Amino acid sequence: MRIEEDLKLDFKDVLIRPKRSTLASRRDVDIRRDYDFKWSKKSFHGIPVIAANMDGVGTMAMARAFHVQGDGLTVALHKHYALDQLVEFFGTAESANAWYSIGVSEKDQEKLEEFLKTPAGAKLDRLCIDVANGYSQPFVDFIKRMRDKLPTTTIMAGNVVTGEMTEELILSGADVVKVGIGPGSVCTTRKMTGVGYPQLSAIIECADAAHGLGGLVCGDGGCTVPGDLAKAFGAGSDFVMLGGMLAGHDQCEGDVVDEDGHKFVTFYGMSSDTAMKKHVGGVAKYRASEGKTVRVPYRGDVTESLQDILGGIRSACTYVGATKLKELSKRTTFVRVGQQINNIFGQS
């Protein structure tokens, strides 16, 4: 046993220090990024925000909405769509805004094999390999096999929270490493296992490791307000993945419940008992649920929420004089705080 005494920080522990700026308007800020992926040799141009591969967020409807938005936003589809749905969807223009997601189960692998035999699958551009614990050797070996099998497909894989494992995944064939264990709004991993890492420090350390090898990172989880995305990008994250902030919208493909004039949508973690009962018949006897099920207010179309999120990022850039999102991390100085929001009239 050992104790690391270096301070580790989360989004709530810091604010971004403002700096002198020549920017006259938020309109002058370009929040798109250009990336060349290490292994696939493909390129990305757009706003590097990704909808998480969760039932209530990573939907085909969300991908269609992002396509209409036209800013290069992408969606990691959840892995529970049927093969025929995937084949049909990836044959459309909207699929340009989507990642195909898999776990490492035999079922996921078999479905991927069948998908790759189709005309749509033969052109698979982006693959998200998602497990809760990215530290296992079988996961590393799986990434290596996928890279050998799909040499020109951009692979995003995770989740991890430390530099050495970020390096391992990149060297094994991942173009983008997902960073985050336990920070999600409906994740209970930290409560159930005691395992985790404060998300801001995780992004800083993993980004430093990834960039040294020509790889990229995606901060996955922990964002609750637009300012948290600005902090994630300021910390060095190349992409940011959102779950709870995109829940409750029309595009989430969930049922809207009306109670006493208030509308709600159910949102749950993918390791929750709700998800496991829905997809695998229940929680296996050797494990416990590591997610919760909540009701979030119905929020209508996702367009207005996207405007708030992206507007917040642009505004953060103006406060530090970053004309492009690329410059934000170079112009970010974090200050530690004991409190960052005045909640005298409640949270909003």
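## A buried salt bridge between Arg147 and Asp175

In this predicted model, the side chains of Arg147 and Asp175 meet in a salt bridge with an N to O distance of 2.6 Å, the term meaning a side-chain nitrogen of Lys or Arg within 4 Å of a carboxyl oxygen of Asp or Glu. The pair links distant parts of the chain, since Arg147 belongs to helix H4 (residues 137-149) and Asp175 to the loop between helix H5 (163-171) and S9, 28 residues apart. Helices (H or I, at least four residues) and strands (E, at least two) are DSSP runs, numbered from the N terminus.

Arg147 is buried, with a relative accessible area of 9%, and Asp175 is buried as well, at 1%. Here buried stands for under 20% relative accessible area, exposed for over 50%, and partly exposed for what lies in between (1.4 Å probe, protein chains only).

## Strand S10 and its neighbours

Strand S10, residues 216-220, is mostly covered, with five of its five residues buried. Both faces are covered: Leu216, Cys218 and Asp220 lie on one side, Val217 and Gly219 on the other.

Strand S9 (residues 176-179) pairs with S10 in the parallel sense over four bridges, where pairing requires that DSSP finds at least two bridges between two strands; within this pairing, Val176 stands opposite Leu216. S10 is also joined by three bridges to strand S11 (residues 239-242), again in parallel, and the partner of Asp220 in S11 is Met241. Together with helix H8 (residues 226-234), S10 and S11 make a right-handed β-α-β unit, right-handed meaning that, with the strands pointing away from the viewer, the path from the first strand over the helix to the second runs clockwise.

## Other salt bridges

Asp220 of S10 takes part in a salt bridge with Lys178, whose side chain it meets at 2.9 Å, N to O. This pair links strand S9, which holds Lys178, to strand S10, the two residues being 42 residues apart. Both Lys178 and Asp220 are buried, and with Asp130 they are linked in a network of salt bridges.

The side chains of Glu4 and Arg2 likewise meet in a salt bridge, at 3.4 Å from N to O, but both of these residues are exposed. By the stated rule, the count comes to 12 salt bridges.

## Basis of the values

Residues are numbered from 1 along each chain as its sequence is written, and side-chain values use heavy atoms, with hydrogens and water left out. Local features need pLDDT of at least 70 and side-chain atom pairs count only at pLDDT 80 or more, whereas totals for chains, interfaces and linings use all residues.
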